[in-house]
Amino acid sequence: MLTFYNKLLENNKLWVSRKLKKDPEFFKKLSEGQAPPVLWIGCADSRVPANEIIGAEPGEVFVHRNIANMVLHTDMSMLSVLDYAVNVLKVKHVIVCGHYGCGGVKAAMGNQHIGLIDNWIRHIKDVYRFHAKELNEIQDEKERFDRFVELNVFEQVQDLAKTSIIQEAWMKGQEVAIHGWVYGVNNGVIKDLKLTILDNNQLADVYQLDF
Ligand code: CO
């Protein structure tokens with residue numbers, strides 16, 4: 001009986017042979033470079049594997065994941081991924097994908113001290129504060145949680161549009177659309193929140209950068 005760990009390496013060998021059977025050039029082509037049309041910013045949650053849930057092949061999606069799919073302006077990792085995706089890979093779409101049942105968002109609704117992560121979750125609490133009126137009016141806790149997940153995606157989409165990286169790309173006439181989705185871990189279905197932003201005119205005045 002293989003341990004789960006060993007099984008992963010076995011799975012990889014099987015996956016390689018399956019791919020080669022379908023297309024003997026599969027890895028050779030990938031080794032020549034990447035031109036993914038999409039940057040995915042999603043949650044680190046193990047139940048939300050980016051490529052798998054959208055049927056994307058290797059080479060099709062550039063991925064950044066962290067707890068609760070946050071877009072923080074001081075996060076060098078996120079900014080570097082975004083800069084590379086927009087300015088080098090020239091992705092056409094940036095998708096922020098949250099998910100119902102998100103542990104990070106749930107934690108932000110409560111007061112429990114967890115550890116260092118409290119400081120990350122603090123940013124999600126800010127989202128609650130911005131939308132406290134709407135959220136506090138929702139009596140049902142599950143409904144309030146679901147709405148909070150959606151509003152968190154809304155704010156992250158806005159925060160993406162506020163970055164100098166995205167605004168500069170728009171200023172140069174580059175087409176980059178920013179979208180917000182929520183994935184249902186209970187049914188596998190993605191809900192498009194229809195938050196698409198295409199230029200900085202859609203931002204509040206104070207965030208619009210002049211170049
Ligand atoms: Co999550």
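**Figure 1. Surroundings of Gln158 in the predicted model.** Gln158 has a relative accessible area of 16% and is therefore buried, since the limit for that class is under 20%. This residue belongs to helix α8. In the predicted model, the partners that Gln158 touches, leaving aside residues up to four places away in sequence, are Ile197 and Leu203.

**Figure 2. Overview of the chain.** Nine helices and five strands make up the secondary structure of the chain. Their order along the sequence is α-α-β-α-β-α-β-α-α-α-α-α-β-β. Computed along no particular view but along the principal axes, the C-alpha atoms occupy a box of roughly 55 × 50 × 30 Å. The chain has 211 residues, of which 43% count as buried. Among contacts with a separation of 6 or more, 63% join residues 24 or more positions apart.

**Figure 3. Geometry and buried residues of helix α6.** Helix α6 covers residues 117–130, a run of 14 residues. What span should these 14 residues have at 1.5 Å a residue, and how far apart are the end C-alpha atoms? The expected span is 20 Å, because the rise is counted over one less than the number of residues. The end C-alpha atoms are 21 Å apart, which agrees with that expectation. The axis of α6 nevertheless bends by about 30° at His123. Ile121, Ile124, Asp126, Val127 and Tyr128 are the buried residues of this helix. An α-helix has 3.6 residues a turn, so residues three or four places apart point the same way. The buried residues of α6 pack against three helices: α5 (103–109), α7 (132–136) and α8 (141–162).

**Figure 4. Contact of helix α6 with helix α8.** The axes of α6 and α8 approach within 10 Å and cross at roughly 105°. Because this angle falls in the range from 65 to 115 degrees, α6 is roughly perpendicular to α8. On the α6 side, the contact involves Ile124, Val127, Tyr128 and Phe130. On the α8 side, the residues are Arg144, Phe148, Leu151, Asn152, Glu155 and Gln156. By class, the residues of this contact comprise six nonpolar, two polar and two charged. Ile124, Val127 and Tyr128, which take part in the contact with α8, are also among the buried residues of α6.

**Figure 5. Contact of helix α8 with helix α9.** Helix α9 comprises residues 164–171, and its axis comes within 5 Å of the axis of α8. The two axes cross at roughly 60°. This angle makes α8 oblique to α9. Leu160, Ala161 and Lys162 of α8 meet Ser164, Ile166, Gln167 and Trp170 of α9. The residues of this contact divide into four nonpolar, two polar and one charged.

**Figure 6. Loop environment of Ala44.** Ala44 is located in the loop that links β1 (38–43) to α3 (50–53). Is this residue buried, partly exposed or exposed? Ala44 has a relative accessible area of 42%, so the residue is partly exposed, a class that lies between 20% and 50%. Apart from residues up to four places away in sequence, Ala44 touches Arg65, Asn66 and Ile67. The C-alpha atoms of Ala44 and His64 are separated by 8.7 Å, although these residues are 20 residues apart along the chain.

Conventions. Residues numbered from 1 in each chain as written. Predicted model: local features only at pLDDT ≥ 70, side-chain atom pairs only at ≥ 80, totals over all residues. Heavy atoms only, no water. Helix = DSSP H or I, 4+ residues; strand = E, 2+ residues; numbered from the N terminus. Bend = angle between axes of the 7 residues up to and from the residue. Buried < 20%, exposed > 50% of the residue type's maximum accessible area, 1.4 Å probe, protein only. Contact = heavy atoms within 4.5 Å. Axes fitted to C-alpha atoms, helices over the stretch in contact; angles between N-to-C directions. Parallel < 35°, antiparallel > 145°, perpendicular 65-115°, else oblique. Nonpolar A, V, L, I, M, F, W, Y, C, P; charged D, E, K, R; others polar.
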